[in-house]
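Here is a short briefing on pockets and on one serine. Please look over the model before reading on.

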Amino acid sequence: MAARKSPLEALIDFPRDGDNETRRELLRINTDNFMTAADRYGSRRHEFFDLMFSRTSLKIDHFLRRVLAVTLARASADQRLARKMLGGNDRAVSLILRKSATQTVPDLLNMIRERSSIAFDAPRRPDLMAADMPDCNRFSMPPMMVEEIYRFIYFSLRHPFSKAGSPKLLALLDQTAKKYRQKILDEAQAETRAELVAASKAIDHKVRLNKLTEVYVSELLLTDSKTEFTLAMCALLNVDSATMQRILNDSSWEALAITCRAAGLSRPFFTNLVNSMNKRESDQHGNSRIVTLYNKITEDSATRVMRFWQVRASTLKSEAPAQDASPQDRIMPDSDFDDFQDEPQRMFGRG
């Protein structure tokens, strides 16, 4: 039995004079990995939300691990626990990062609350309605979202200790997480904001000088400049940052192949992208497959897919409720969240 074709393979093999309805369905399937939540399209304040969400979450995870590891090392706990805390991976964070761009911001916050409760036994919090979500601006996230990210990450790190049943150690961890919480949130957000502003300026400057080249973007990938690389790819491929996050999270790399082909990027550049982001030995078969397919994609087919995506995105934008009441970027003052910040029972499940 012949193996079932992937959406991209089916598009490549589709005859030029094929049935229009079948072609339309193929275009729809091939654009599924480009689609993001409606509130990402056309809203200036959510322009960089998914990029900030990813970078801030990873920074919080890093800072919190470091603080908790130091606390464990100074306590009478088994020193292996401190090393495990410090050297652990961010697998729990991937639970909230994966396909986050497909959910509206309020739905994403509710998902984080739900997973905190189900996966890590955090005290349950009520669901949030869209109207309850506080505002943000281009370079900052809603404070309530940042709080929930911190809470999720903390409970994920706390969970192994709660299963071990050590009340004294749990109390120490809770006290430490509460003590350093605001400092960690401030540092994570400040670093992300500075990183994003600097990267935006750098890429805009390159675009104005017509120096945003394949070589330059390849260098960003080699130097692990994640934020600047993502924004550079947005400019090269002419997509928004939320869609770029979706494209880069497509494990088949078919979405990336289509966008790169539509933008007329070279096969060596595309090959370098895939090999640099897919480094495990087990990835080699998939890398070879998508690189082989790359030159089989006609620019006409790739351009059709991108036009179809633009129509779908425009439809979502027109259906989404108006979000930007003012041309000025607005940010909710931290004072509005004092009651939220001062409730350890809600934050840590303890009085």
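The points below cover the two pockets and then the serine. The model is predicted. Its largest pocket holds about 1200 Å³ of space, and the second largest has a volume of about 470 Å³.

**Largest pocket**
- The lining comprises 35 residues.
- Nearest the centre of this pocket lie Lys226, Leu248, Asn249, Trp253 and Met277.
- Six helices are named as giving at least two lining residues each: H3 (49-74), H5 (91-97), H9, H10 (226-237), H11 (241-248) and H13 (267-277).
- H3 supplies the largest share, 6 residues.
- By character, the lining splits into 12 nonpolar, 11 polar and 12 charged residues.

**Second largest pocket**
- The volume here is about 470 Å³.
- This pocket is lined by 18 residues, and Arg65, Lys84, Ser156, Leu157 and Pro160 are the closest to its centre.
- Helices H4 (79-87), H5 and H7 (143-164) each contribute at least two residues to the lining.
- H7 gives the most, with 6 residues.
- The lining consists of 10 nonpolar, 5 polar and 3 charged residues.

**Serine 218**
- Serine 218 sits in helix H9, which spans residues 214-222.
- H9 also supplies at least two residues of the lining of the largest pocket.
- Serine 218 counts as buried because its relative accessibility is 14%, and buried means under 20%.
- Leaving aside residues up to four places away in sequence, serine 218 touches Phe269 and Asn272.

Technical notes
Residues are numbered from 1 along each chain as its sequence is written. This is a predicted model: local features need pLDDT of at least 70, side-chain atom pairs count only at pLDDT 80 or more; totals for chains, interfaces and linings use all residues. Side-chain values use heavy atoms; hydrogens and water are left out. Helices (H or I, at least four residues) and strands (E, at least two) are DSSP runs, numbered from the N terminus. Buried means under 20% relative accessible area, exposed over 50%, partly exposed in between (1.4 Å probe, protein chains only). Contact means heavy atoms within 4.5 Å. On a 1 Å grid over the protein atoms alone, a cavity is a set of points where a 1.4 Å probe fits but cannot get out, and a pocket is an open set with protein on both sides within 12 Å along at least five of seven lines; lining residues have an atom within 4 Å of a point. Grid points are joined across faces, edges and corners, and a volume is the space filled by probe spheres set on the points. Ala, Val, Leu, Ile, Met, Phe, Trp, Tyr, Cys and Pro count as nonpolar, Asp, Glu, Lys and Arg as charged, and the others, Gly among them, as polar.
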